Amino acid sequence: MQLISPEIIFRGDDAWKKALPQIYKLIRSPLVLGRSIHTSNLRERISNDLKNKNLNVSSANLLFDCCHEDILRVKDIILKNNHDSIIAAGGGKVLDAGKYIAECLDIPCITVPLSASTCAGWTALSNIYTKNGQFIKDVPLSSCPKILVYDHKFIQTAPLRTLASGIADALAKWYESSITSSTIDDGLVQQAIQISRVLRDQLLIEGEQAFKGQFENNPSWRNIIEACGLTAGLVGGIGGEKCRTAAAHAIHNAITQIIAPNKFLHGEIVGVGLLLQLRLEEMKNNNKLADQSIKQLLVLMKQLDLPTTISELGINVFENKNLEIIADFTCRDKSEIHFLPFETSKQDIIEVIANFEQQKIKI
Ligand SMILES: [Zn+2]
(Lines give C-alpha, C1' and ligand atoms only; values in the text may rest on other atoms or scores of the structure.)
Protein backbone atom coordinates (compact mmCIF):
# COMPACT_ATOMS: atom_id res chain seq x y z
CA MET A 1 0.00 0.00 0.00
CA GLN A 2 1.30 3.41 -0.88
CA LEU A 3 -0.01 6.50 0.90
CA ILE A 4 0.92 9.29 -1.45
CA SER A 5 -1.00 12.35 -0.34
CA PRO A 6 -3.96 13.79 1.57
CA GLU A 7 -7.25 13.17 -0.20
CA ILE A 8 -7.91 16.88 -0.87
CA ILE A 9 -5.46 19.77 -0.65
CA PHE A 10 -6.41 23.44 -0.49
CA ARG A 11 -3.53 25.89 -0.86
CA GLY A 12 -3.06 29.63 -1.23
CA ASP A 13 -4.23 32.85 0.39
CA ASP A 14 -7.82 31.86 1.09
CA ALA A 15 -7.38 28.13 1.40
CA TRP A 16 -9.34 27.92 4.66
CA LYS A 17 -12.31 29.81 3.18
CA LYS A 18 -12.25 27.61 0.09
CA ALA A 19 -12.03 24.45 2.17
CA LEU A 20 -15.04 25.25 4.36
CA PRO A 21 -17.82 23.90 2.05
CA GLN A 22 -15.90 20.63 1.70
CA ILE A 23 -15.45 20.42 5.47
CA TYR A 24 -19.19 21.00 6.17
CA LYS A 25 -19.98 18.16 3.81
CA LEU A 26 -17.67 15.77 5.59
CA ILE A 27 -18.11 16.38 9.33
CA ARG A 28 -20.66 17.57 11.92
CA SER A 29 -18.81 17.65 15.22
CA PRO A 30 -15.07 18.36 15.11
CA LEU A 31 -12.57 18.85 17.92
CA VAL A 32 -10.14 21.66 17.08
CA LEU A 33 -6.74 20.70 18.47
CA GLY A 34 -3.91 23.19 19.02
CA ARG A 35 -1.21 24.17 21.46
CA SER A 36 0.54 27.52 21.21
CA ILE A 37 -0.88 30.72 22.67
CA HIS A 38 0.34 32.49 19.50
CA THR A 39 -2.13 30.57 17.37
CA SER A 40 -5.17 30.93 19.67
CA ASN A 41 -6.73 33.74 17.57
CA LEU A 42 -6.49 31.70 14.39
CA ARG A 43 -7.95 28.65 16.08
CA GLU A 44 -10.79 30.75 17.44
CA ARG A 45 -11.51 31.92 13.92
CA ILE A 46 -11.48 28.32 12.69
CA SER A 47 -13.93 27.30 15.46
CA ASN A 48 -16.22 30.30 14.87
CA ASP A 49 -16.39 29.71 11.11
CA LEU A 50 -17.51 26.14 11.83
CA LYS A 51 -19.98 27.13 14.57
CA ASN A 52 -21.55 29.65 12.17
CA LYS A 53 -22.50 26.70 10.02
CA ASN A 54 -24.08 24.96 13.03
CA LEU A 55 -21.33 22.45 13.55
CA ASN A 56 -20.88 21.20 17.10
CA VAL A 57 -17.31 22.37 17.82
CA SER A 58 -15.12 22.20 20.89
CA SER A 59 -11.41 22.76 21.30
CA ALA A 60 -8.51 21.25 23.19
CA ASN A 61 -4.84 22.13 23.61
CA LEU A 62 -1.82 19.91 23.97
CA LEU A 63 -0.24 20.68 27.33
CA PHE A 64 3.15 19.20 26.51
CA ASP A 65 4.04 17.55 23.24
CA CYS A 66 2.79 14.75 21.00
CA CYS A 67 3.06 12.49 24.06
CA HIS A 68 1.00 9.67 25.59
CA GLU A 69 -0.32 11.90 28.41
CA ASP A 70 -1.78 14.44 25.97
CA ILE A 71 -2.96 11.76 23.54
CA LEU A 72 -4.93 9.94 26.26
CA ARG A 73 -6.48 13.15 27.59
CA VAL A 74 -7.57 14.38 24.14
CA LYS A 75 -8.91 10.94 23.21
CA ASP A 76 -11.11 11.07 26.33
CA ILE A 77 -12.47 14.50 25.41
CA ILE A 78 -13.39 13.26 21.93
CA LEU A 79 -15.12 10.14 23.26
CA LYS A 80 -17.03 12.08 25.94
CA ASN A 81 -18.27 14.72 23.48
CA ASN A 82 -18.89 12.28 20.65
CA HIS A 83 -16.77 14.19 18.17
CA ASP A 84 -16.69 12.75 14.66
CA SER A 85 -13.39 14.30 13.52
CA ILE A 86 -10.27 16.24 14.49
CA ILE A 87 -9.08 19.50 13.00
CA ALA A 88 -5.42 19.76 13.98
CA ALA A 89 -4.27 23.38 13.64
CA GLY A 90 -0.70 24.17 14.60
CA GLY A 91 2.90 23.03 14.18
CA GLY A 92 4.29 19.53 13.71
CA LYS A 93 3.58 18.25 17.21
CA VAL A 94 -0.09 19.28 17.04
CA LEU A 95 -0.51 17.83 13.54
CA ASP A 96 1.17 14.57 14.58
CA ALA A 97 -1.00 14.28 17.69
CA GLY A 98 -4.18 14.99 15.71
CA LYS A 99 -3.35 12.39 13.05
CA TYR A 100 -2.40 9.78 15.64
CA ILE A 101 -5.53 10.26 17.78
CA ALA A 102 -7.76 10.24 14.67
CA GLU A 103 -6.16 6.95 13.61
CA CYS A 104 -6.70 5.39 17.06
CA LEU A 105 -10.40 6.41 17.06
CA ASP A 106 -10.96 5.72 13.35
CA ILE A 107 -12.24 9.22 12.59
CA PRO A 108 -10.99 11.63 9.87
CA CYS A 109 -8.27 14.19 10.54
CA ILE A 110 -8.12 17.56 8.81
CA THR A 111 -4.72 19.21 9.07
CA VAL A 112 -4.31 22.99 9.08
CA PRO A 113 -0.58 23.78 9.43
CA LEU A 114 -0.09 27.19 11.04
CA SER A 115 3.59 27.44 10.12
CA ALA A 116 5.96 26.17 7.44
CA SER A 117 8.07 24.33 10.01
CA THR A 118 7.05 20.85 8.93
CA CYS A 119 5.48 18.58 6.31
CA ALA A 120 3.45 16.82 9.04
CA GLY A 121 0.23 18.24 7.56
CA TRP A 122 0.78 15.92 4.59
CA THR A 123 2.28 12.67 5.83
CA ALA A 124 0.93 9.36 7.14
CA LEU A 125 3.35 9.35 10.06
CA SER A 126 3.36 10.59 13.67
CA ASN A 127 6.37 11.07 15.90
CA ILE A 128 5.72 10.28 19.54
CA TYR A 129 7.69 12.05 22.28
CA THR A 130 7.76 12.04 26.08
CA LYS A 131 6.09 14.97 27.77
CA ASN A 132 9.54 16.53 28.08
CA GLY A 133 10.08 16.34 24.33
CA GLN A 134 12.33 13.27 24.18
CA PHE A 135 11.78 11.29 20.98
CA ILE A 136 10.32 7.80 21.55
CA LYS A 137 9.30 6.45 18.14
CA ASP A 138 7.63 7.21 14.86
CA VAL A 139 4.37 5.50 14.06
CA PRO A 140 3.32 4.83 10.46
CA LEU A 141 -0.41 5.57 10.01
CA SER A 142 -2.89 3.81 7.74
CA SER A 143 -3.79 6.96 5.79
CA CYS A 144 -2.71 10.51 5.01
CA PRO A 145 -4.98 13.28 6.38
CA LYS A 146 -8.41 13.50 4.79
CA ILE A 147 -8.05 17.22 3.97
CA LEU A 148 -4.95 19.43 4.14
CA VAL A 149 -5.57 23.17 4.31
CA TYR A 150 -2.36 25.10 3.58
CA ASP A 151 -3.54 28.68 4.04
CA HIS A 152 -0.77 31.17 3.24
CA LYS A 153 -2.38 33.95 5.28
CA PHE A 154 -2.42 31.69 8.35
CA ILE A 155 1.23 30.76 7.78
CA GLN A 156 2.23 34.42 7.45
CA THR A 157 1.42 34.88 11.14
CA ALA A 158 3.98 32.29 12.30
CA PRO A 159 7.31 33.38 13.85
CA LEU A 160 10.05 33.58 11.19
CA ARG A 161 12.07 31.01 13.12
CA THR A 162 9.56 28.33 12.12
CA LEU A 163 10.30 28.98 8.42
CA ALA A 164 14.05 28.56 8.97
CA SER A 165 13.36 25.33 10.84
CA GLY A 166 11.15 24.02 8.02
CA ILE A 167 13.89 24.80 5.48
CA ALA A 168 16.47 22.82 7.48
CA ASP A 169 14.11 19.83 7.80
CA ALA A 170 13.25 19.89 4.07
CA LEU A 171 16.94 20.18 3.09
CA ALA A 172 17.59 16.91 4.92
CA LYS A 173 15.25 15.04 2.50
CA TRP A 174 17.85 14.99 -0.29
CA TYR A 175 20.88 14.23 1.85
CA GLU A 176 19.10 11.43 3.71
CA SER A 177 17.10 9.83 0.88
CA SER A 178 19.94 9.92 -1.66
CA ILE A 179 22.37 8.10 0.61
CA THR A 180 19.93 5.48 1.88
CA SER A 181 17.86 4.80 -1.22
CA SER A 182 19.71 5.66 -4.45
CA THR A 183 20.56 2.00 -5.08
CA ILE A 184 16.92 0.88 -4.79
CA ASP A 185 15.68 -0.39 -8.15
CA ASP A 186 12.24 1.23 -8.05
CA GLY A 187 11.20 4.01 -10.41
CA LEU A 188 9.02 5.85 -7.92
CA VAL A 189 11.75 5.86 -5.27
CA GLN A 190 14.25 7.20 -7.83
CA GLN A 191 11.81 9.92 -8.86
CA ALA A 192 11.13 10.86 -5.24
CA ILE A 193 14.89 11.27 -4.71
CA GLN A 194 15.10 13.50 -7.78
CA ILE A 195 12.23 15.66 -6.46
CA SER A 196 14.14 16.00 -3.18
CA ARG A 197 17.20 17.21 -5.16
CA VAL A 198 15.15 19.88 -6.94
CA LEU A 199 13.61 20.76 -3.56
CA ARG A 200 17.11 21.22 -2.08
CA ASP A 201 18.20 23.39 -5.01
CA GLN A 202 15.19 25.62 -4.61
CA LEU A 203 15.82 25.98 -0.87
CA LEU A 204 19.47 26.88 -1.51
CA ILE A 205 18.56 29.39 -4.22
CA GLU A 206 15.49 31.04 -2.70
CA GLY A 207 15.70 30.24 1.03
CA GLU A 208 17.37 33.49 2.05
CA GLN A 209 15.05 35.64 -0.09
CA ALA A 210 12.03 33.87 1.44
CA PHE A 211 13.35 34.44 4.96
CA LYS A 212 14.44 38.06 4.56
CA GLY A 213 11.80 39.42 2.19
CA GLN A 214 8.30 40.60 3.06
CA PHE A 215 5.40 38.21 2.59
CA GLU A 216 3.55 40.38 0.13
CA ASN A 217 4.80 40.21 -3.44
CA ASN A 218 7.53 37.78 -2.51
CA PRO A 219 7.22 34.74 -4.78
CA SER A 220 10.22 33.19 -3.00
CA TRP A 221 8.32 33.13 0.29
CA ARG A 222 5.40 31.34 -1.36
CA ASN A 223 7.69 28.88 -3.14
CA ILE A 224 9.63 28.08 -0.01
CA ILE A 225 6.70 27.64 2.39
CA GLU A 226 5.13 25.25 -0.12
CA ALA A 227 8.46 23.46 -0.56
CA CYS A 228 8.66 22.87 3.21
CA GLY A 229 5.00 22.05 3.88
CA LEU A 230 3.93 20.31 0.66
CA THR A 231 6.83 19.13 -1.54
CA ALA A 232 8.72 17.64 1.40
CA GLY A 233 5.58 15.62 2.20
CA LEU A 234 5.19 14.56 -1.43
CA VAL A 235 8.74 13.15 -1.43
CA GLY A 236 7.80 10.95 1.54
CA GLY A 237 4.54 9.95 -0.16
CA ILE A 238 6.05 8.94 -3.50
CA GLY A 239 9.21 7.44 -2.02
CA GLY A 240 7.30 5.57 0.66
CA GLU A 241 9.08 3.84 3.48
CA LYS A 242 12.02 2.97 1.23
CA CYS A 243 12.82 6.66 0.79
CA ARG A 244 14.20 6.79 4.25
CA THR A 245 15.56 9.19 6.76
CA ALA A 246 19.09 8.52 7.91
CA ALA A 247 21.70 10.01 10.24
CA ALA A 248 20.35 13.58 10.38
CA HIS A 249 17.08 12.39 11.95
CA ALA A 250 18.77 9.65 14.01
CA ILE A 251 21.03 12.31 15.55
CA HIS A 252 18.03 14.63 16.04
CA ASN A 253 16.23 11.89 17.93
CA ALA A 254 19.30 11.32 20.10
CA ILE A 255 19.82 15.02 20.86
CA THR A 256 16.21 15.29 22.12
CA GLN A 257 17.10 12.75 24.85
CA ILE A 258 19.01 15.52 26.62
CA ILE A 259 16.72 18.07 28.16
CA ALA A 260 18.20 21.47 27.39
CA PRO A 261 17.18 24.74 29.11
CA ASN A 262 15.59 26.09 25.93
CA LYS A 263 13.47 24.03 23.60
CA PHE A 264 14.52 23.98 19.97
CA LEU A 265 12.32 23.22 16.98
CA HIS A 266 12.49 19.88 15.14
CA GLY A 267 14.15 21.30 12.00
CA GLU A 268 16.64 23.37 14.01
CA ILE A 269 17.96 20.14 15.55
CA VAL A 270 17.73 18.19 12.25
CA GLY A 271 19.91 20.90 10.61
CA VAL A 272 22.71 20.20 13.10
CA GLY A 273 22.19 16.45 12.57
CA LEU A 274 22.53 16.99 8.82
CA LEU A 275 25.94 18.67 9.17
CA LEU A 276 27.05 15.79 11.40
CA GLN A 277 25.75 13.21 8.89
CA LEU A 278 27.89 14.81 6.18
CA ARG A 279 30.99 14.71 8.43
CA LEU A 280 30.22 11.03 9.08
CA GLU A 281 29.97 10.37 5.33
CA GLU A 282 33.30 12.08 4.85
CA MET A 283 34.93 9.97 7.56
CA LYS A 284 33.34 6.57 6.91
CA ASN A 285 32.33 6.63 3.26
CA ASN A 286 35.16 8.69 1.81
CA ASN A 287 32.63 11.18 0.47
CA LYS A 288 34.81 13.92 -1.01
CA LEU A 289 31.82 16.15 -1.70
CA ALA A 290 30.65 16.20 1.92
CA ASP A 291 32.94 19.04 2.99
CA GLN A 292 31.73 21.11 0.04
CA SER A 293 28.11 20.39 0.99
CA ILE A 294 28.77 21.40 4.61
CA LYS A 295 30.25 24.73 3.51
CA GLN A 296 27.32 25.35 1.17
CA LEU A 297 24.76 24.50 3.88
CA LEU A 298 26.54 26.61 6.50
CA VAL A 299 26.22 29.72 4.35
CA LEU A 300 22.43 29.31 4.16
CA MET A 301 22.06 28.21 7.79
CA LYS A 302 23.89 31.34 9.00
CA GLN A 303 21.66 33.52 6.78
CA LEU A 304 18.62 31.88 8.38
CA ASP A 305 19.98 32.26 11.95
CA LEU A 306 19.88 28.48 12.39
CA PRO A 307 22.03 26.73 15.02
CA THR A 308 24.96 24.87 13.48
CA THR A 309 26.43 22.98 16.47
CA ILE A 310 25.05 21.02 19.41
CA SER A 311 26.46 23.68 21.75
CA GLU A 312 24.29 26.26 19.96
CA LEU A 313 21.34 24.06 20.95
CA GLY A 314 22.31 24.76 24.57
CA ILE A 315 23.97 21.37 25.17
CA ASN A 316 27.62 20.88 26.12
CA VAL A 317 28.40 17.41 24.80
CA PHE A 318 31.50 17.19 27.00
CA GLU A 319 29.44 17.37 30.23
CA ASN A 320 27.24 14.82 32.04
CA LYS A 321 28.02 11.93 29.68
CA ASN A 322 25.99 13.80 27.05
CA LEU A 323 28.20 12.56 24.23
CA GLU A 324 27.68 8.92 25.26
CA ILE A 325 23.93 9.42 25.65
CA ILE A 326 23.71 10.86 22.12
CA ALA A 327 25.94 8.15 20.62
CA ASP A 328 24.01 5.39 22.42
CA PHE A 329 20.62 6.58 21.21
CA THR A 330 21.90 7.28 17.68
CA CYS A 331 23.16 3.70 17.37
CA ARG A 332 20.32 1.90 19.19
CA ASP A 333 18.81 -1.12 17.47
CA LYS A 334 15.90 0.50 15.66
CA SER A 335 17.74 3.69 14.71
CA GLU A 336 17.64 5.12 11.18
CA ILE A 337 21.44 5.34 11.35
CA HIS A 338 21.49 1.67 10.29
CA PHE A 339 19.93 2.60 6.91
CA LEU A 340 23.28 4.15 5.94
CA PRO A 341 25.17 2.03 3.40
CA PHE A 342 28.13 1.66 5.79
CA GLU A 343 28.52 0.41 9.36
CA THR A 344 28.44 3.10 12.02
CA SER A 345 29.53 2.42 15.58
CA LYS A 346 29.04 4.41 18.78
CA GLN A 347 32.72 5.26 18.64
CA ASP A 348 32.29 6.77 15.15
CA ILE A 349 29.49 9.01 16.40
CA ILE A 350 31.52 10.08 19.44
CA GLU A 351 34.49 10.91 17.22
CA VAL A 352 32.47 12.86 14.64
CA ILE A 353 30.58 14.90 17.25
CA ALA A 354 33.65 15.57 19.42
CA ASN A 355 35.66 16.83 16.42
CA PHE A 356 32.75 18.86 15.16
CA GLU A 357 32.05 20.56 18.48
CA GLN A 358 35.72 21.32 19.07
CA GLN A 359 36.31 23.03 15.76
CA LYS A 360 35.43 26.63 15.33
CA ILE A 361 33.12 26.55 12.36
CA LYS A 362 34.25 29.01 9.74
CA ILE A 363 32.58 29.73 6.46
ZN1 LIG B 1 11.98 15.90 10.06
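User: Which spacing do the donors of the zinc ion follow along the chain?

Analyst: In this predicted model, the protein donors of the zinc ion come from Asp169, through OD atoms, and from His249 and His266, each through NE2. Asp169 lies in helix α6 (residues 160-181) and His249 in helix α9 (residues 247-255), 80 residues apart, a pair that links distant parts of the chain. Written along the chain, the spacing of the donors is D-x79-H-x16-H.

User: Is the site of the zinc ion tetrahedral or irregular?

Analyst: The protein donors lie 2.1 to 2.7 Å from the zinc ion, and Asp169 is listed twice among them. Four donors count as tetrahedral if all angles lie between 85 and 135 degrees, whereas the angles among the four donor atoms here run from 51 to 144°. The site of the zinc ion is therefore classed as irregular.

User: Is Asp169 buried or exposed?

Analyst: The cut-off for a buried residue is a relative accessible area under 20%. Asp169 has a relative accessibility of 11%, and its fellow donor His249, at 12%, is buried. Asp169 therefore counts as buried.

User: How many disulfides does the count come to?

Analyst: A disulfide requires two cysteine sulfur atoms within 2.5 Å. The sulfur of Cys109, a buried residue at 6% relative accessibility, is 11 Å from the closest cysteine sulfur, in Cys66, which is too far for a bond. Cys144 is likewise in no disulfide, with the nearest cysteine sulfur, that of Cys119, 10 Å away. By this rule, the number of disulfides is zero.

Definitions and conventions. Residues numbered from 1 in each chain as written. Predicted model: local features only at pLDDT ≥ 70, side-chain atom pairs only at ≥ 80, totals over all residues. Heavy atoms only, no water. Buried < 20%, exposed > 50% of the residue type's maximum accessible area, 1.4 Å probe, protein only. Donors = N, O, S within 2.8 Å, 3.2 Å for Na, K, Ca; no water. Tetrahedral: all angles 85-135°; square planar, octahedral: opposite > 155°, others 65-115°. Helix = DSSP H or I, 4+ residues; strand = E, 2+ residues; numbered from the N terminus.
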